[in-house]
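Please have the model open in your viewer, with the sequence panel beside it, and follow the stops below in order.

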Amino acid sequence: MHFRLMEASRPLLSICAVDVNLRPMTIDEKGGVVRRATLDFGVLILAAGASSRMGQSKLLLPWGGTTVLGHLIGQWKDLRAGQIAAVSATGDQAVSAELDRLDFPKVNRVVNPTPERGMFSSIQCAARWSGWNAELSHWAIVLGDQPHLRAKTLDALLDFAGAQSNRVCQPSRRGRPRHPVVLPKRVFVKLKESRADTLKGFLAALPSGAALCELDDPGLDFDVDTPADYELALRLCLESRG
């Protein structure tokens, strides 16, 4: 498989881990993966970052037979997401063109007019967006720089979120909270008017904290922020298929 770097640029995407007050639960403790009850979840893909450390848009880097952005959209479709929305920066013609190439519906595109305010501004734009399907019960906040996460990792997280349906849920590795974050509707709607500066601050202020799902996926340990990260992510992807 041949990969090459492509031109473009957009904001750095990263989320800090949050403190939790619930003991991590592993899939093994549950006696194996339990198929979740129907979870009508939406996905917001954060694609408004500047990619300053990469030097070009991380979302447009090659990944398999498509781009990182195309892979993420396809991955969450395979995981049976009820709706997928992409949050991009105003005027980002490169990401917009890639969404066009992927035939991604324009009705599911959210624009952040102030991406310089950071990732949380994109999350709040998505929370305030009026285009979400009314039947959704949960939302997954998905970084645009984690294409290397295993599908079974995400599937296990969704199973866990189905079992902890009223809790914010996160994957963890070696006891440390990771991403993506899954929020139930009652929490997601609070994002609209939150005065927090970051997602970490928002989640830390929740009375019940977050439930952690301990998973052994090395990809949880890093985001693709630099060319070296990208090469490592590609190696992990190839090794997981080997």
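Select W139: is this residue buried or exposed? W139 counts as buried because its relative accessibility is 3%, where buried means under 20% relative accessible area, exposed over 50%, and partly exposed in between, computed with a 1.4 Å probe on protein chains only. Before moving on, note that this is a predicted model, in which local features need pLDDT of at least 70 and side-chain atom pairs count only at pLDDT 80 or more, while totals for chains, interfaces and linings use all residues. Residues are numbered from 1 along each chain as its sequence is written, and side-chain values use heavy atoms, with hydrogens and water left out.

**Aromatic pairs**

The structure holds 7 aromatic pairs; rings of Phe, Tyr and Trp (the six-membered ring of Trp) pair if their centres lie within 6.5 Å, and planes under 30 degrees apart count as stacked, over 60 as edge-to-face and the rest as tilted. Select F120 and F202, which form a tilted pair, with 6.3 Å from centre to centre and 40° between the planes. This pair links distant parts of the chain, since F120 lies in helix α3 (residues 119–128) and F202 in helix α6 (residues 199–204), 82 residues apart; helices here are DSSP runs of H or I with at least four residues, numbered from the N terminus. F120 is buried at a relative accessible area of 5%, and F202 is buried at 6%.

Return to W139 and add W132: the two form an edge-to-face pair, 5.9 Å centre to centre and with 85° between the planes. W132 is buried, with a relative accessible area of 12%. Extend the selection to W129 and F188, and you have the cluster of W129, W132, W139 and F188 that ring pairs link.

**Helices α1 and α4**

Select residues 68–78, helix α1, which is mostly covered, with 8 of its 11 residues buried; among them are V68, H71, Q75 and W76. Just after α1 comes R80, whose phi is positive, near 70°.

Next, select residues 151–163, helix α4, where 10 of the 13 residues are buried, including D155, D159 and F160. At 1.5 Å a residue, counted over one less than the number of residues, α4 should span 18 Å, and its end C-alpha atoms are 19 Å apart, which agrees.

**Last stop: R235**

Finally, select R235 in helix α7 (residues 227–241), a partly exposed residue with a relative accessible area of 45%. Add H148, which is 87 residues from R235 in sequence and 9.2 Å away in space, C-alpha to C-alpha.

Note on methods
Helices (H or I, at least four residues) and strands (E, at least two) are DSSP runs, numbered from the N terminus.
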